[in-house]
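Work through the exercises below with the structure open beside you. Try each task before reading its solution.

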Amino acid sequence: MGKVALIGAGPGDPALITYHGLRALQNADIIFYDRLLNPILLYLAPEDAKLVYVGKAPEHHAYTQSEIQEKLISATKKYDNVVRLKGGDPGIFGRVEEEVQALAKHGIEYAVYPGITSASGVSVYAGFAITERHVSEKVFLATPTAQLQEFAQEPLAQLSAGGTIVLYMGMEKLVAVVKIMLTQGASESLPVTVVEWGSWGRQKKVVATLATIHETVEKAGLHNPALIFIGPVAAKAATKSWFEELPRFGQKTILVSEKKLTFDELLTYTDQGADLYPVFVGAAFDERFISLHQRLLLPLLKEEYEIIYQGKNAPALFQDFLKEIKGGQNGR
Ligand code: SAH
């Protein structure tokens, strides 16, 4: 019977994976990965490893939690090294305990390797830390998705004075949370920062106050995945961060290569802040990425992007490849 490694991928920048995570991916026979995962991490997998998407989109659940658990369990009957790759830290709003319990119940050996949770990773990539001596000496990580009435009982105004509130999965409840905090007596001028796709090259952020954050977010068109930071340190995001200063920051880049590139080679782009999407064509083409390309590359082609070709036949091969994946979209 195989064993399962549940690993955290970090918030987006693929190089934020831990060493444990890296080794687990390199040894994997099968990888079950989530929706918010940077696909570049999958290029760490051995060429014969199976890649299985088990993403849950907010609007429609591709797989339920129990279906994912069943898949993990049945995979251990066939494969030695099963990897469950989750966004951020599996132990923070990652439902890891449910997956672990299901494995334990079946006597399956497992390990859980943490990742960098978005609260700490995204904040520093946006230019501030969630704790700061004498400014923010406590942090409250929460998700207001469940019972708002219960959430209103938390001393939010108090927590945000001399502390930082970080809300996961909170965008739909932003207006309600602001209202609760103002009712509790928080200042209208309390800084609030929202960061979308933090630590990805496509990172966007707005800095406002309790009074203006809703309007500011609407105007900037920020959506999930996004984190809401409330408290004095949030104001520090007002200037460009070290990450936002990188030479390729914000550049959506499709890299089309005739030759397979290694994980480290791909990182040379993300290390400069690029929002990189790799596509290997021709002899380097990898079947396992077809559904990923359909889900992520096709929408990207409707946006503004830069394309980099490697190999003289890459442009023509890319056109053939696009025809194939577009054609396959309905059929497959
Ligand atoms: N286990 C994850 C959280 C999963 S819940 C972690 O430790 O980070 C999913 C929520 O996390 C999203 O709705 C969003 O609020 C937040 N999130 C994850 N990645 C993010 C990113 N790159 N930028 C902003 N928010 C992110």
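**Exercise 1.** Find the open sheet of five strands and state the order of its strands.

Solution. The model, which is predicted, has an open sheet with the strand order β3-β2-β4-β1-β5 and parallel pairing. Next, look for the strands that pair on one side only: these edge strands are β3 (50-53) and β5 (110-113). Then compare the directions of neighbouring strands in this sheet: on average they are turned by 15° against each other, direction ignored. Finally, take one pair in detail. Strand β2 (residues 30-33) runs parallel to β3 and is joined to it by four bridges. Within this pair, Ile30 stands opposite Lys50 in β3. As background, strands of a sheet pair through backbone hydrogen bonds, either parallel or antiparallel.

**Exercise 2.** Determine which strands helix α1 and helix α2 lie across.

Solution. Start with α1 (residues 19-26), which lies across β1 (3-8), β2, β4 and β5. The angle of α1 to β1 is about 135°. Go on to α2 (residues 65-78), which lies across β1, β2 and β4. The angle of α2 to β4 is about 155°.

**Exercise 3.** Describe the open sheet of three strands and the helices α9 and α10 that lie across its strands.

Solution. First write down the order, β12-β11-β13, with parallel pairing. The edges are formed by β12 (275-280) and β13 (306-310), each pairing on one side only. Neighbouring strands here are turned by 20° against each other on average, direction ignored. Next, examine β11 (residues 252-257), which runs parallel to β13 and is joined to it by five bridges. Thr253 stands opposite Glu306 in β13. Now add the helices. Helix α9 (residues 263-270) lies across β11, β12 and β13, at about 145° to β12. Helix α10 (residues 290-300) lies across β11 and β12, at about 125° to β12.

**Exercise 4.** How many residues surround the ligand, and which are the closest?

Solution. Counting residues with a heavy atom within 4 Å gives 19 around the ligand. The closest are Asp89, Ile92, Thr117, Ser118 and Ala226. Sort the shell by residue type: 12 are nonpolar, six are polar and one is charged. Then ask which elements contribute: α4 (118-126) and β10 (226-230) each supply at least two residues of the shell.

Continue with contacts to the protein backbone. A polar backbone atom of Ile92 is 2.7 Å from a nitrogen atom of the ligand. At Gly198, a backbone N or O atom lies 2.8 Å from a ligand nitrogen atom. For Met169, the distance from a polar backbone atom to an oxygen atom of the ligand is 2.9 Å. As a last step, consider cover: on its own the ligand has 540 Å² of accessible area, and the protein covers 91% of this.

**Exercise 5.** Inspect the backbone at Phe93 and at the bond between Asn224 and Pro225.

Solution. Begin with the general rule: most residues other than glycine have a negative phi, and most peptide bonds are trans. Phe93 has a phi near 50°, a positive value in a residue other than glycine. Phe93 lies in the loop between β4 (81-86) and α3 (96-105). Turn to the peptide bond that joins Asn224 and Pro225: it is cis, with omega about -5°. Pro225 belongs to the loop between α8 (213-220) and β10.

Terms used. Residues are numbered from 1 along each chain as its sequence is written. This is a predicted model: local features need pLDDT of at least 70, side-chain atom pairs count only at pLDDT 80 or more; totals for chains, interfaces and linings use all residues. Side-chain values use heavy atoms; hydrogens and water are left out. Two strands pair if DSSP finds at least two bridges between them. Axes are lines fitted to C-alpha atoms, for helices over the stretch in contact, and angles run from 0 to 180 degrees between N-to-C directions. Contact means heavy atoms within 4.5 Å. A polar contact is a pair of N or O atoms within 3.5 Å; within protein, one must be able to donate a hydrogen and the other to accept it, and residues adjacent in sequence count only if both atoms are side-chain atoms. Accessible areas come from the Shrake-Rupley method with a 1.4 Å probe; for residues, only the protein chains shown count as cover. Ala, Val, Leu, Ile, Met, Phe, Trp, Tyr, Cys and Pro count as nonpolar, Asp, Glu, Lys and Arg as charged, and the others, Gly among them, as polar.
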